[in-house]
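Colleague: Could you take me closely through one part of this model, strand by strand, and explain how its neighbours are arranged around it?

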Amino acid sequence: EAWYKEKPYSAPDPCARIISLNSAKEPWNDKDMRKMLSLVMDRQQIVDIAYEGSTTLAAYYWPAYPSMKPYADLIKKDVYDSFLTPDLAKAEEIMLAKGYVKGDQYWAKDGKDLTLEIQVPEDFIELIRLGDVYAEQLQRFGINANVMKLGSVFYDNSSQGDYEAQSNWFAC
C-alpha cells in the first residue's frame, strides 16, 4: 500500500533526506564538531515542521522496510535513542572543550563566530524546509547558520566538495 489515511500518509521513501557535512573543511573535519551538530539537531521538530508529519522519525538513513529490520536491530537501543533527542548540554560541553566561548548571540573562537552555510537545491521544497528548520535550530544554539538556495551549481558543488553542508538525499 502506498498511501494511508493517517500520518505518515505514504510508504517510506528509500532515499532519506539528510544534512551532509564536508568533513574535509574545518572545523567539520573534527568528528567531535560533527557530533555537536548532531546533538543540536531536533529530528522530531524536523519531522513535525519541515515534513508536517508526513515522514517517520529514524536515527538511520535507510527506509523502515521490513527487510531492513535486521540491520536496524543491530543498533543498541541507548545508542539509537541518543540520536532521537537533542542534547544541548552535551553539545555545549563539546564547544567549550574545543575552545569556543558563547557570546551574546554566537559561539566564537579566536574572535570569529562559528558559522555554517547549508546549501539546498532551489527546486526541492522539502530539502529547503529541512535546511531552514535545522538552520533555525543551530541559530537558537548559537551557531550562525544560514541556508543558501542554489540552482544546478548545487550538484556541481556536491561533486567537487565545494560546500560546508548540504540538505540532500545523496545517501540513497
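**Strand pairing in the two sheets**

Modeller: In this predicted model, K109 stands opposite K112 in β4, and this pair belongs to the contact between strand β3 (residues 107-109) and β4, which run antiparallel and are joined by two bridges. These strands are part of an open sheet of three, ordered β2-β3-β4, with antiparallel pairing; its edge strands are β2 (101-102) and β4 (112-113), each of which pairs on one side only.

Another open sheet has four strands in the order β1-β7-β5-β6, and its pairing is mixed. Here the edge strands are β1 and β6 (144-150), each pairing on one side only, and neighbouring strands are turned against each other by 30 degrees on average, direction ignored. Strand β1 (residues 18-21) pairs with β7 in the antiparallel sense over four bridges, with S20 standing opposite Q166 of β7. On strand β5 (residues 115-121), two bridges lead to β7, and these two strands run parallel; I118 has A165 of β7 as its bridge partner. β5 and β6 also pair in the parallel sense, over seven bridges, and the partner of Q119 in β6 is M148. Helix α6 (residues 125-141) packs on this sheet, where it touches β1, β5, β6 and β7, and its direction makes about 170 degrees with that of β5.

Within strand β7 (residues 165-168), A165 and S167 point one way while Q166 and N168 point the other way, and all are buried.

Note on methods. Residues numbered from 1 in each chain as written. Predicted model: local features only at pLDDT ≥ 70, side-chain atom pairs only at ≥ 80, totals over all residues. Heavy atoms only, no water. Buried < 20%, exposed > 50% of the residue type's maximum accessible area, 1.4 Å probe, protein only. Pairing = 2+ DSSP bridges. Axes fitted to C-alpha atoms, helices over the stretch in contact; angles between N-to-C directions. Contact = heavy atoms within 4.5 Å.
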